[in-house]
Structures are given as C-alpha cells and as structure tokens.
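Thanks for coming. I will go through one structure today, from the overall layout down to a few single residues. Please have a look at it first.

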Amino acid sequence: MKKIGTLIAIIVFLIVAFLLFRRNINQTHSMDSQSFRLENPNKIDKILLSPNNTELDYILIYKENDRWFVKNSKLTEPADTHSIRELLYWVLRKAQIKSPVSDAEKEPVTREIALNGVKAVFYSGGTEVNSFYAGNPTPNQEATYMYHPDMERPCIVEITGFKGY
C-alpha cells in the first residue's frame, strides 16, 4: 500500500512538472538571449530611430567617409563619434534578456511600446541587420522593456554591468 502511495505521488509530481515546463516553453518560445545584441558593430553604417508616436521626428544616424552624422527632417549635423561607439560597442554588445514580461504585464507593456516606443533599425551596407522596439525603463530603472519582432512578447532587457538610476 505504501508503494502505491509513493507511485501516485511520483506520477502527480511528474505531471505537475511537465505542465509547468510546457507553460514556460509557451511563454518563452523563440526567445534568443542575443536578439537585442549587435555581434558585429564595426559593420553597422546606419541606424534609424523612429518613434511610434507620429508627433515625434525620426533620427537617422549614418556613417559617411568614416564620419558619423545625425539627421532628422529638419537638419543634418556631425554626430559625437564617442557616443555612437558607446552605443554600438558597449551598450548593444552587452544587451541581454533578463526575462520575458509576465502574463499580467504582457498587454500593458505591449500597448505602451506600441504607443510610445521607438523602433531601432540597424543597417550594414544598405541591408537591415537587426531591428527591435525599445520602450520605457522598468520600475526599478535597471532594465528596459523591449520587443523583438521574432518574439511572442516583450522582454525585460538589461545591459550587463550597468545599473540605472
């Protein structure tokens, strides 16, 4: 009789473990921790930042004759090369997914990114290399809500070694 009770407990445990594992796979399928990273930043020659809010202007950052420029609908100016290098070689090389947003956060975070997020598109030689949407910082200011088109839900993305304020 004791063996039957132990066997039932093991079966129940395995069923619960399977269901939890299956649920986790459904929430995080197709999530690649590298989705928001740029693996070859030296090849990037154009970055387009376009807000989802149509009242705001786009920003185009491009490289011409080994010099970076920033442009919007009104003007074109030389860009701060140090800041561009920080973005490409530090920030976007260290970006990693901390976690997908929870089921409770999915709808409000998705809506916020859709209304107020910024689409970032990275090009190399005229070809799109990567794109994603950046939203607001998390409540603790240590990560950012971001969405990649290949993913089911937004993620909390952090920069390794960086603590927000």
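The chain has three helices and nine strands. Helices here are DSSP runs of H or I with at least four residues, strands are runs of E with at least two, and both are numbered from the N terminus. In sequence order the pattern reads α-β-β-β-β-α-β-α-β-β-β-β.

A word on the source. This is a predicted model, in which local features need pLDDT of at least 70 and side-chain atom pairs count only at pLDDT 80 or more, while totals for chains, interfaces and linings use all residues. Residues are numbered from 1 along each chain as its sequence is written, and side-chain values use heavy atoms, with hydrogens and water left out.

Of the 165 residues in the chain, 25% are buried. Buried means under 20% relative accessible area, exposed means over 50%, and partly exposed is in between, with a 1.4 Å probe and protein chains only. As for contacts, meaning heavy atoms within 4.5 Å, take those between residues at least 6 apart in sequence: 54% of them join residues at least 24 apart.

Now the strands, beginning with S1, S2 and S3. Two strands pair if DSSP finds at least two bridges between them. Strand S1, residues 46-51, and strand S2, residues 59-64, run antiparallel and are joined by four bridges. Leucine 48 has leucine 60 in S2 as its bridge partner. Leucine 60 also stands opposite lysine 71 in S3. S2 and S3 pair in the antiparallel sense, over five bridges.

What lies between S2 and S3? The two strands form a hairpin with two residues between them. Asparagine 65 lies in that loop, and so does aspartate 66. Phi is near 50° for asparagine 65 and near 65° for aspartate 66, both positive values in residues other than glycine. For comparison, most residues other than glycine have a negative phi. Asparagine 65 counts as exposed because its relative accessible area is 70%. Aspartate 66 is exposed as well, at 69%.

Just after that loop comes tryptophan 68, which lies in strand S3, residues 67-71. Is tryptophan 68 buried or exposed? It is buried, because its relative accessible area is 7%. Leaving aside neighbours within four places in sequence, tryptophan 68 is in contact with residues including Ile44, Ile61, Tyr62, Pro78, Ile84 and Leu88. The C-alpha atoms of tryptophan 68 and proline 78 are separated by 6.2 Å, and the two residues are 10 apart along the chain.

Next, strand S9. Four of its five residues are buried, so S9 is mostly covered. S9 pairs with strand S5, residues 95-100, in the antiparallel sense over five bridges. In that pairing, alanine 95 stands opposite isoleucine 159. S9 also runs antiparallel to S8, with three bridges joining them. There, tyrosine 145 stands opposite isoleucine 156.

Isoleucine 159 comes up again at the largest pocket. On a 1 Å grid over the protein atoms alone, a pocket is an open set of points with protein on both sides within 12 Å along at least five of seven lines, and lining residues have an atom within 4 Å of a point. The volume is about 400 Å³, taken as the space filled by probe spheres set on the points, with grid points joined across faces, edges and corners. Which residues lie nearest the centre? They are Val91, Ala134, Thr144, Met146 and Ile159, out of 21 lining residues. Helix H2 and strands S6, S7, S8 and S9 each supply at least two residues of the lining. The lining divides into 15 nonpolar, four polar and two charged residues. Nonpolar covers Ala, Val, Leu, Ile, Met, Phe, Trp, Tyr, Cys and Pro; charged covers Asp, Glu, Lys and Arg; the others, Gly among them, are polar.

Last, two residues of strand S7. Asparagine 130 is in S7, and so is serine 131. Asparagine 130 counts as buried because its relative accessibility is 10%. Its side chain reaches the backbone oxygen of arginine 37 at 3.4 Å. Serine 131 is buried too, at 9%. The side chain of serine 131 makes a polar contact, at 3.1 Å, with the side chain of glutamate 128. A polar contact is a pair of N or O atoms within 3.5 Å; within protein, one must be able to donate a hydrogen and the other to accept it, and residues adjacent in sequence count only if both atoms are side-chain atoms.

Note on methods: 1 Å grid on protein atoms, 1.4 Å probe; cavity = no way out; pocket = protein on both sides within 12 Å on 5 of 7 lines; lining within 4 Å.
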